[in-house]
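Good morning, and thank you for joining. Please look at the sequence and the structure as they come up on the screen.

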Amino acid sequence: MAIKKSKEPTKRELNALETKRKIFNKSIELFRKYDFDTVTIGDITGELNLSKGTFYVHFPSKESILIEQFRQIDEHYLDVLKELPEDVSAIDTLFALMDAMCEYCEDVVGLALMQVVYANQVSPRKTSTILIGENRMIYRLLEDVYQKGLASGEFRTLPEGFSFSDIIMRFARALIYDWCMTDGGFDLIQEGKEHFHLLLKLFV
């Protein structure tokens with residue numbers, strides 16, 4: 001049976017991807033530099049000499065830029081898991097995911113943008129939820145880790161009504177929120193390692 005080759009993207013499709021990348025990068029740059037609420041779509045497109053219509057072709061709103069950032073974070077988790085040995089324990093898999101979360105927030109997204117995201121999510125003007133929601137990939141990955149840990153005997157069964165992924169993510173958001181509130185007053189990566197090791201004692 002002949003294997004179909006993947007279709008090469010057309011020049012038009014490549015140009016569209018490049019335009020989307022430029023809009024995303026410029027938006028993130030402006031959000032970091034200025035308050036999210038004060039940056040307009042006109043500011044973003046003006047910096048790139050594009051029409052507002054071009055922005056809306058790729059993103060339905062300013063908040064969708066933030067959603068795209070977190071989609072990229074979730075894809076990063078998959079890349080981390082692919083690098084782990086096949087026989088890695090559930091505990092070490094959890095630590096790898098939590099390390100990846102802290103490292104990505106501190107080194108890739110950065111303090112300024114994380115502060116923008118958290119400020120947006122507690123604002124009554126927000127139009128979408130970014131940080132919470134079981135539709136995010138990280139929730140599914142954490143539940144997979146938990147089931148693996150139960151099967152291997154590494155984790156204990158939680159009381160009825162409690163969710164492993166909810167507990168982990170609430171703890172993670174609290175840690176990152178404190179980091180934002182203190183203007184990066186502590187090393188998020190190091191604190192993450194120490195605090196998640198303590199949290200894990202609740203499950204093993």
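I begin at a single residue: Asp-183, just after H8, takes a positive phi of about 55°. The model is predicted, with local features needing pLDDT of at least 70 and side-chain atom pairs counted only at pLDDT 80 or more, while totals for chains, interfaces and linings use all residues. Residues are numbered from 1 along each chain as its sequence is written, and side-chain values use heavy atoms, leaving out hydrogens and water.

Let us turn to H8 itself. Helices here are DSSP runs of H or I with at least four residues, numbered from the N terminus. H8 covers residues 164-181.

Which residues of H8 are buried, that is, under 20% relative accessible area with a 1.4 Å probe and protein chains only? They are Phe-164, Ser-165, Ile-168, Met-169, Ala-172, Arg-173, Leu-175, Ile-176, Trp-179 and Cys-180. Viewed down the axis of H8, these residues fall within an arc of 165°, taken from the directions from the helix axis to the C-beta atoms, and so line one face. On the other side, Arg-170 and Met-181 are exposed, meaning over 50%.

The buried residues of H8 pack against helices H5, H6, H7 and H9, with contact meaning heavy atoms within 4.5 Å.

I close with H5. The axes of H5 and H8, lines fitted to C-alpha atoms over the stretch in contact, come within 12 Å and cross at roughly 30°, on a scale from 0 to 180 degrees between N-to-C directions. The two helices are therefore roughly parallel, the term for angles under 35 degrees. Among the contacting residues are Leu-94 and Met-98 of H5, and Ile-168 and Trp-179 of H8.

Definitions and conventions
Expected span 1.5 Å × (residues − 1). Parallel < 35°, antiparallel > 145°, perpendicular 65-115°, else oblique.
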